[in-house]
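Trainee: Please pick one part of this protein and walk me through it slowly, and then point me to something else to look at.

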Amino acid sequence: MTESWATSDAGAEGAGGDAGADFGADLHLDLSAGRGLRAGLVDALREAARSGRLAPGTRLPSSRTFAADLGIARNTVAEAYAELVAEGWLTARQGSGTRVAERARPLRPAGSARVRHPAPKRHSYSLVPGTPDLGAFPRAAWLTAARRALTDAPNEAFGYAIDVRGRVELREALAGYLARARGVYADPERIVLCAGFAHALMLLAGVLRARRVREVAVEGYGLYMHRETLTRAGLRTRPLAVDDAGARTQDLSGVGAGAGAVLLTPAHQFPTGAALTPARRAAAVDWARSTGGLIVEDDYDGEFRYDRQAVGALQGLDPDRVVYLGTASKSLAPGLRMGWMVVPPGLLDEVLAAKGTTDWTSSAVDQLTLAEFIRSGAYDRHVRGMRLRYRRRRDELVAAVSGRVAVSGIAAGLHAVLDLPAGTEAAVLRAAAWQDLAVVPLSFFAHPDAELPRREALVVGYGTPPTSAWSATLTALLAALP
């Protein structure tokens, strides 16, 4: 048996012709020895279509190009194609070329079982927090930025990454934006680009472990994925109580004793919606300075404050003790996988070593596009527009549930907490299921070791529904509430 490569456009392009005029799939075929060239080619193509290696609709190279690639006569290829067309494995139409027939379907080997991975249940309506309105992604403005970025990109941008911190263009654009909009002391040299918050936290967890830190204080309510990231790195998590003034950072010297770091969401606590008060911000910084501990600041939706100007980042109080983490997941879309760390000088080399020589970051093209998006002012315009949209949604939510349930948390971000009457949470969750509405109770976010008072409440992600579904989603929620 011999193996042959057939490259669809090699003949045309290599001969100086128009590659696009003779387009087809690159093929790797096993030609059966002893069967003759035509019979071997027929068997190989038939088996490729039967097994699914050649998907239905795949366009094959022209007989001229295929024959040149295989080093055989053109008539041999033409006869093989004709035989497979007659059998129904291929189709041939003028102007469309030769393709694998749509009715050709791969056969599973005998005895094989299909592995089924059940897809997550899709609800008609969703108020699950953590996602922005994906339908509001600024496609036209992003495309404009991408075109400009590609036009101006240096050739080396398309090669392997030189700087493990990420593209300098984006780091410089972020340094200016974060200083202006979030009060962050951000030197481009100390900004490290990451593939989202989870990636950044994973890197920091590795650094903490290497520093022989064994315990990290976390907020009593928070995302279990973040706790799991720390746990997988071999770190224990110790919960801090959370109330309407945010995490009780004054307890760091008590219940948090022994922790080498603390993970906080100061601007808008997730999920309770509290803002960390100035006294508690100062307590966190005092703890870090006195113990040598590290504060990891998650500023996931810090740009979205509706009742007043957004409070600056905690990092501004002590850039040497606070690692600032931000992403484009809430302001733009999580699918971009774009995040950044502003790292204290004394930690930078360790973070870069943890990231390693492989650039586990968004593509250079996306980095350059976001840099242009920020520099052009499109990012500011988009955030301002979304701030108005989310504020309007929150106002409509508060007005709709007024008199039925209480809304807690500051007017900020993409979610709110609805405090339910005692004993009604289970009934509300059942009613939401009847409405095909996805909602999440506050208890879902509780740390398993946290001593928290029983609180029946829903965490409502009002930023999640697309604009077209917002009114119907709100109606479904009202039908589920007591």
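**A close look at helix H11**

Mentor: Gladly! Among the elements covering the buried residues of H11 (contact: heavy atoms within 4.5 Å) are three helices, H5 (139-152), H6 (168-182) and H12 (378-401), together with strands S6 (191-194) and S14 (339-342). Bear in mind that this is a predicted model, where local features need pLDDT of at least 70, side-chain atom pairs count only at pLDDT 80 or more, and totals for chains, interfaces and linings use all residues. Residues are numbered from 1 along each chain as its sequence is written, and side-chain values use heavy atoms, leaving out hydrogens and water.

Beneath that cover, the buried residues (under 20% relative accessible area, 1.4 Å probe, protein chains only) run from Gln367, Leu368, Thr369 and Leu370 on to Ala371, Glu372, Phe373 and Ile374. H11 itself takes in residues 364-375, 12 residues in all. From its first C-alpha to its last it reaches 16 Å, close to the 16 Å expected at 1.5 Å a residue. After H11 comes glycine 377, with a positive phi near 90 degrees.

Now for two cavities (spaces on a 1 Å grid where a 1.4 Å probe fits but cannot get out, lined by residues with an atom within 4 Å of a point). Around the largest cavity you will find Ala267, His268, Asp301, Gly302, Phe304, Arg305, Ala310, Val311 and Ala412. The second largest cavity is lined by Leu201, Leu204, Ala205, Leu208, Val216, Leu230, Leu263 and Val296. Helix H7 (residues 197-210) gives the most to that second lining, with four residues.

How values were computed
1 Å grid on protein atoms, 1.4 Å probe; cavity = no way out; pocket = protein on both sides within 12 Å on 5 of 7 lines; lining within 4 Å. Helix = DSSP H or I, 4+ residues; strand = E, 2+ residues; numbered from the N terminus. Expected span 1.5 Å × (residues − 1). Buried < 20%, exposed > 50% of the residue type's maximum accessible area, 1.4 Å probe, protein only.
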